[in-house]
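Subject: Structure handover

Hello,

Here is the structure I promised you. Please open it first, then read on.

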Amino acid sequence: MVFRPRDLASRMAARRKPDDGYLRETFSLPRDQARLRARDFLNRYPKAAYMSAVESWRELPGGEIEFTMRRLASAD
C-alpha cells in the first residue's frame with residue numbers, strides 16, 4: 001500500500017487528543033449529505049452559544065467529503 005503525506009497527517013491527527021474544551025465529530029459523507037449535516041449541526045449548536053464551526057474538511061478520492069465539526073461542551 002502506498003502512503004501519502006496526507007495519510008500520515010490524518011493518522012497523526014487522529015492520535016492527538018486536543019484538550020481545549022471543544023467536542024469534535026468527524027463525518028465522511030457524499031457532498032450533498034455533508035452540506036446538510038453541517039447545516040443541521042450549526043442549527044442545533046449555534047455559534048453564539050457553542051462557538052460551533054467546521055474545523056477542517058477535505059474531499060476524499062471517491063468524491064465524499066470528510067469534515068470535522070467542533071463545539072463547546074456546554075453553553076453555560
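Below are my notes on the sheet, the helix that packs on it and the aromatic rings. Keep in mind that this is a predicted model.

**The sheet**
Three strands form an open sheet. Their order is 1-3-2, and the pairing is antiparallel. Strand 1 (22–29) and strand 2 (53–59) are the edge strands. Each of them pairs on one side only. On average, neighbouring strands are turned by 15° against each other, direction ignored.

Look at strand 1 and strand 3 (residues 65–72) next. Eight bridges join them in the antiparallel sense. One residue to find is F27: its bridge partner in strand 3 is F67.

**The helix**
Helix 2 (residues 31–44) packs on this sheet. It touches strand 1, strand 2 and strand 3. The direction of helix 2 makes about 5° with that of strand 3.

**The rings**
A pair of aromatic rings is described by the distance of the centres and the angle of the planes. The model has three aromatic pairs. Take F41 and Y45: their ring centres are 5.1 Å apart. Their planes meet at 55°, so the pair counts as tilted. Stacked would need under 30 degrees, and edge-to-face over 60.

Are these two residues buried or exposed? F41 is buried, at 1% relative accessible area. Y45 is also buried, at 14%. Together with Y50, F41 and Y45 form one aromatic cluster.

**Charges over rings**
The charged end of R71 sits over the ring of Y45, 4.0 Å from its centre. R70 lies over the face of Y22, 4.4 Å from the ring centre.

Best wishes

Technical notes
Residues are numbered from 1 along each chain as its sequence is written. This is a predicted model: local features need pLDDT of at least 70, side-chain atom pairs count only at pLDDT 80 or more; totals for chains, interfaces and linings use all residues. Side-chain values use heavy atoms; hydrogens and water are left out. Rings of Phe, Tyr and Trp (its six-membered ring) pair if their centres lie within 6.5 Å; planes under 30 degrees apart count as stacked, over 60 as edge-to-face and the rest as tilted. Buried means under 20% relative accessible area, exposed over 50%, partly exposed in between (1.4 Å probe, protein chains only). A charge sits over a ring if NZ of Lys or CZ of Arg is within 6 Å of the ring centre and within 35 degrees of the ring normal. Two strands pair if DSSP finds at least two bridges between them. Helices (H or I, at least four residues) and strands (E, at least two) are DSSP runs, numbered from the N terminus. Axes are lines fitted to C-alpha atoms, for helices over the stretch in contact, and angles run from 0 to 180 degrees between N-to-C directions. Contact means heavy atoms within 4.5 Å.
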